[in-house]
Each structure stands twice: as structure tokens, then as C-alpha cells.
Amino acid sequence: GVARAARAGVLVKGGAHLESRGLVRAIAFDKTGTLTEGKPRLTDVLPVDGVNVPELIRVAVAIERRSDHPLATAIVAEGARRLGSADVAPEAMNVEAIIGYGVRGWLDGREVRIGKPGLFTGTESLTSEVRQIVDILQSEGRTVMVVRSGHRFLGVLGVMDTPRESAGSVVSELHALGIEQTIMLTGDNQRVADAVAKHVGIRIARGDLLPEHKVAAIAELARSKNRVAMVGDGVNDAPAMANATVGIAMGAGGSDVALETADVALMADDLRALP
């Protein structure tokens, strides 16, 4: 069975995992890069009052070009195109990920943070102007990232990712094979999660999740369905994969951590291999 799977481009790391898959009745999916293409594009650059578009783009590109996250890649590519050259953006220092929330770094002597709205709390809570922009973009199905430099907000970036063409038929086939529950787990906004889930036929969508929330959701599924598989591609998915009965990684497009953690890898990065 393991050899037959390998010929079909599916790497199974041992017979136990092959047997476990036959018992799975619930499958959880990550969204970005798994149910979607993982090739997001920057669609909206909306500065707040007093900030111009080039300033917002320069700061965002300077920070995000030090990150390898798909959303960062999208911002840098489109931002550089709009600026005319990536070299226009200054050099950022000490850039690091804020796991589950975004990224931060130093630029021109100020700390810059770019991330989901939940990154900004307490005395740094979103202003009414920023909140209004966020609400509009999220209602249109955008993934939003707020940009703050020092003590002021610069604006909001909107990114859109396209669902995989095969996702709908794959989910439908899984249901036909006897999978009783399909659930999507994502750190993205709940409204975005609902829109993608409806488009591809996923029965339950859970948004606004941190990596530890994904682990808790997997544990909850395992209790109710006895066996659960987790399909993902990123660093944030690895803990949930490790806690699932079977962890399944999207191979070619997946992170090294996800591939190392998973029990099964779809080597061609093709969701159609899953059923």
C-alpha cells in the first residue's frame, strides 16, 4: 500500500499511518496554501488620513521583504511594482515573526508592526478610521494587515487568495468516500473563512485561530469523531498535524517543518491526491 501510494505521488511514512487513514472520519484543513492556491496578491493599499500611498508601501515592503511568508511575498511583489523598484524601500533591521499575528522590525529608528487587527490592543487599539477600513475590506473577503510605525497607524493592506480550482471537487469526493466532517481552521478573519468554506463545500469554518487554537480544535474533533486527519502546509500547521491521528502535508509548497511533522505528504502539491 505504501509503495502504491508512492507511485501516485503520496509519501506515507510507514504502515501504521496507512492503516490509521482508513479509520479517519473527520478531516481538518488549513486555508492558505491548502484550500487556496497560496499565491495571494495585494489588492488594496489604503493609508489613513495624513499618510500617502507611497509612504505606506515603502514601510510595508521594507519590513515584509525580510519575511518568507506568502502574504509577505505578495506585498513585496506588488509594492515593488507600484513603487517602480524594490530598492526604493529603505533597509529594515531586526525583523522577526510574531507567530500567529504578523511581523515586526525596526525602520528609521521606529518599531514597525504589520499584522492582523488582533495584534493591536490596549493603548495601541485600532482607531475608528482604521477599524472602518478593516471592516470594509473584511466584508469584501480580503485578508487584512494593519501597518503601525512608532506611535501612529499608517494604513491597512488588503490581500486576496484564490481557492484551488480542485478544492470543491476534492471535498465533495471526500464526503462521498465516507468522511463525515470537514472543517477549515485558519488564522484569517471569520468572514473570509466563511466565504472560502462556502465556495469549496467545507461544512464548518473556524477563523481567527492562533496555532494553539488549531491544536485545541483537532483535540476536540478527535474526541467527537475518534480519528481525525489534519491537512496543511505551513509552520503554523505543524502543532495541529502532530496532534492529529494523521498529519498530511502539501508537499512541494509546504514548509520544511510541516513536511517533517506530517505522517503523509502529497508530493506534487496537488490536493486531488487526497481522496
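Let's start with the charges in this predicted model: the protein carries 31 positive and 34 negative ones, and the mean positions of the two sets are 3 Å apart.

Now step back to the fold as a whole. The protein is built from 11 helices and 13 strands. Its radius of gyration is 20 Å, close to the 19 Å that the globule rule gives for 275 residues, so the protein is as compact as a globular protein of that length. If you lay the model along its principal axes, the C-alpha atoms fill a box of roughly 60 × 35 × 30 Å.

How is the chain packed inside that outline? Of the 275 residues, 49% count as buried. Among the contacts with a separation of 6 or more, 57% are made by residues 24 or more positions apart. On the outside, the accessible surface comes to about 12700 Å², and carbon and sulfur atoms own 49% of that area.

Two spots in the backbone deserve a visit. As background, most residues other than glycine have a negative phi. N94 has a positive value instead, with phi near 50 degrees. You will find N94 in strand 4, which covers residues 93-98. Is N94 buried or exposed? Its relative accessibility is 60%, and exposed means over 50%, so N94 counts as exposed.

Further along, D108 is not a glycine either, yet its phi is positive at about 55 degrees. D108 sits in the loop that links strand 5 (102-107) to strand 6 (110-115). With 63% relative accessibility, D108 counts as exposed.

Methods. Residues numbered from 1 in each chain as written. Predicted model: local features only at pLDDT ≥ 70, side-chain atom pairs only at ≥ 80, totals over all residues. Heavy atoms only, no water. Helix = DSSP H or I, 4+ residues; strand = E, 2+ residues; numbered from the N terminus. Rg over C-alpha atoms; globule rule 2.2 N^0.38 Å. Buried < 20%, exposed > 50% of the residue type's maximum accessible area, 1.4 Å probe, protein only. Contact = heavy atoms within 4.5 Å. Areas by Shrake-Rupley, 256 points an atom, 1.4 Å probe, with all protein chains shown as cover. Lys, Arg positive; Asp, Glu negative; His and termini not counted. Charge placed at Lys NZ, Arg CZ, Asp CG, Glu CD.
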